[in-house]
Amino acid sequence: MSQLSPPHLTVTGESVSVSTLSAPARVDTTTDLPTGRRRRLPDLRRWISPLAIVALWQIACETGLLPPDKLSSPWTVLRTGVELAGTGELGDAFVVSTTRVGIGFAVGAVIGLGLGVVSGLSRWGEFLVDPPVQMLRTLPFLGLIPLFILWFGIGEEPKIALVALGVAFPLYLNVHSGIRGVDSHLIEATTALGYTRTERLVHVVLPSALPNTLVGLRQSLGVAWLSLIVGEQVNASSGLGYLINNAREFLRTDVIVVGLVVYAALGLATDAIVRLVERRALRWRV
Amino acid sequence: MAGVTVRGLTKRFGERAVLRGVDLEIAPGEFVALLGRSGSGKSTLLKVLAGLDTDVEGAATVDGGVSVAFQQPRLLPWRRVWRNVVLGLHPPVGRDVAVRALEEVRLADHADAWPRTLSGGEAQRVSLARALVREPDLLLLDEPFGALDALTRLAMHRLVEGLWQRHRPAVLLVTHDVDEALLLADRVLVLDDGRIAAEYPLDHPRPRRAADHIDIRAAVLADLGVTDRATA
Ligand SMILES: Nc1ncnc2c1ncn2[C@@H]1O[C@H](COP(=O)(O)OP(=O)(O)OP(=O)(O)O)[C@@H](O)[C@H]1O
Ligand SMILES: [Mg+2]
């Protein structure tokens, strides 16, 4: 607003002061911003208890209350982390694990998006695709590991397949409901204005399914890391899960915690990426 | 050749017939205003003419291209204002065309805004620009000036009238404002009880003033159930 006229209404009394602009200005809604964004300046008071817990943990280790074969001290964990990073062990495990998630996610995303679009866009697609997907969805997919081992052996394939399976369902469901939820008034309007089928698809249907799709993306990335962790627990000769399992045999709790921290950091990082994409792709939500 | 021919058009929602045997003809280039109480079926009739509702009895034929400004603006929230104006045009046109159309509705400086940031009246004007830029043979306008202040409304009247005089589309304008209808239209129709209940040709030369057709004004208001006393 470039030219503010002087407030023509000022109520001052009982410490209430209302000043009204004369122009019918846009209302700034701060309440329904998507996914709690733009909240910089974290309150430092929120750091008190986490830091206290870490301090207590350190003290408990030093006084022998927590023996290192149950849980290593934060300081030891930090040193081990730096050490593992230095020898390249951690880096190698990191690359192996992210590759598994990357491939599994790509495969699952293509399947989930593809099926979601087909069953969202066409009646027959829904008749044919939706029932089996809904049936499979009720299976606890982590319980499929024994079958996957029988089918794919114990190499990379069962882990990738598990990630792909976990990724496909949330994406499918969200894409499907996003497409089905398109505002029929917009379809009507654009039909009357002469949009072709393709134009309606590109400018109306798919953009309107985007918010849901991004929700599905975040969910499926969460599931992807979870599937990886479970998959790597079962059998692995490389990767973060291997690092952790191997450490267990030697009671190296410090290495276990390092592995867990890396898992957590990876999960947070991918979530942050999706949030970034969301912020850019959904700018129109204003 | 007629712009629009409607014969015995009946539209039911379940048991209830909203339109019952509407007969209507609009000549090419004719400007027709449609009045009627809220819920009388004006938007329903427009929807049939726009080809959006084929589940009807009777016949409705429209020659040539149609374009609509709906009662609600119905803009795509994920496309910027200027893209909303020109999307769906064949062949595709550039931003300059959109900006020129937006200039006409006095919104050129909002060309790059997101639709959700517009006020109700602004969104309505974008929707009007979107309908006008298509240069159709039949222009369907469903209360396009409803959310506008008096001054902007007059400007939009001039805009629509000017555009109509230049390109000569047939126009069907739905409005609740009798004066607006008398100012702009060649013919005023009153929709009541599912039929065209009354019809008044207007022959006063343009540009018209508010005092023209004062006798017809009273008659139309009577058709709408407004008594003299209430309007005085
Ligand atoms: N899809 C629908 N299903 C059921 N009833 C409907 C539907 N669409 C419209 N109606 C009914 O048809 C009647 C006419 O609606 P319409 O929108 O055409 O009215 P209108 O003349 O445009 O009114 P207004 O001036 O308030 O816009 C209304 O009573 C409405 O409830
Ligand atoms: Mg209506």
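# Reading chain B around two ligands

Modeller: B:Ser43 is partly exposed, with a relative accessible area of 29%. The model we are reading is a predicted one.

Biologist: How do I read that percentage, and what is the relative accessible area of B:Gln71?

Modeller: Buried means under 20% and exposed over 50%, with partly exposed in between. B:Gln71 has a relative accessible area of 31%, so this residue too is partly exposed.

Biologist: Which protein atoms are the donors of the magnesium ion?

Modeller: To read a metal site, look for N, O and S atoms within 2.8 Å of the metal; water is not among the atoms, so a site may look incomplete. Here the magnesium ion is ligand 2, and its protein donors are OG of B:Ser43 and OE1 of B:Gln71. They lie 2.0 to 2.3 Å from the ion.

Biologist: Which parts of chain B do these two donors tie together?

Modeller: B:Ser43 belongs to helix α1 (residues 42-49), while B:Gln71 sits in the loop between β5 (66-69) and α2 (81-86). The pair therefore ties together parts that are 28 residues apart in sequence.

Biologist: Now ligand 1. Which residues around this ligand come nearest?

Modeller: There are 14 residues around ligand 1, and those that come nearest are B:Arg16, B:Ser38, B:Lys42, B:Ser43 and B:Thr44. B:Ser43 has thus appeared twice: in this list and as a donor of the magnesium ion.

Biologist: Which elements supply the shell, and how do its residues divide into nonpolar, polar and charged?

Modeller: In chain B, β2 (16-26) and α1 each supply at least two residues. The most comes from α1(B), which gives three. By character, the shell has two nonpolar, eight polar and four charged residues.

Biologist: What distances separate oxygen atoms of ligand 1 from B:Arg16, B:Gly39 and B:Thr44?

Modeller: For a polar contact, check which part of the residue takes part. B:Arg16 places a polar side-chain atom 2.7 Å from an oxygen atom of ligand 1. In B:Gly39 a polar backbone atom is 2.8 Å from an oxygen atom of the ligand. For B:Thr44, an N or O atom in the side chain is 2.6 Å from a ligand oxygen. On its own, ligand 1 has 630 Å² of accessible area, and the protein covers 62% of that.

Biologist: Where in chain B are B:Pro91 and B:Pro207 found?

Modeller: Look at the peptide bond and the loop together. B:His90 and B:Pro91 are joined by a cis peptide bond with omega of about -5°, and B:Pro91 is in the loop between α2 and α3 (95-104). Another cis peptide bond joins B:Arg206 and B:Pro207, with omega of about -5°; B:Pro207 is in the loop between β9 (195-201) and α7 (214-223).

Biologist: What is the phi of B:Asp193 and of B:His213?

Modeller: B:Asp193 is not a glycine, yet its phi is positive, about 55°; this residue is in the loop between β8 (187-192) and β9. B:His213, not a glycine either, has a positive phi of about 60° and is in the loop between β9 and α7. With a relative accessible area of 8%, B:His213 is buried.

Biologist: Which residues of chain A does UniProt place in a "transmembrane region"?

Modeller: The unreviewed UniProt entry gives residues 103-124, 136-154, 160-179 and 256-277 of chain A. An annotation can be set beside the model. Residues 160-179 are 100% helix and 0% strand, with end C-alpha atoms 28 Å apart. Residues 136-154 are 53% helix and 0% strand, and there the end C-alpha atoms lie 23 Å apart.

Conventions
Residues are numbered from 1 along each chain as its sequence is written. Chains are lettered from A and ligands numbered from 1 in the order in which they are written. This is a predicted model: local features need pLDDT of at least 70, side-chain atom pairs count only at pLDDT 80 or more; totals for chains, interfaces and linings use all residues. Side-chain values use heavy atoms; hydrogens and water are left out. Donors are N, O and S atoms within 2.8 Å of the metal (3.2 Å for Na, K and Ca); water is not among the atoms, so sites may look incomplete. Helices (H or I, at least four residues) and strands (E, at least two) are DSSP runs, numbered from the N terminus. Buried means under 20% relative accessible area, exposed over 50%, partly exposed in between (1.4 Å probe, protein chains only). UniProt positions are given in the numbering used here, feature names are shortened, and annotations may be inferred rather than shown by experiment. A residue is near a molecule or strand if one of its heavy atoms lies within 4 Å of it. A polar contact is a pair of N or O atoms within 3.5 Å; within protein, one must be able to donate a hydrogen and the other to accept it, and residues adjacent in sequence count only if both atoms are side-chain atoms. Accessible areas come from the Shrake-Rupley method with a 1.4 Å probe; for residues, only the protein chains shown count as cover. Ala, Val, Leu, Ile, Met, Phe, Trp, Tyr, Cys and Pro count as nonpolar, Asp, Glu, Lys and Arg as charged, and the others, Gly among them, as polar.
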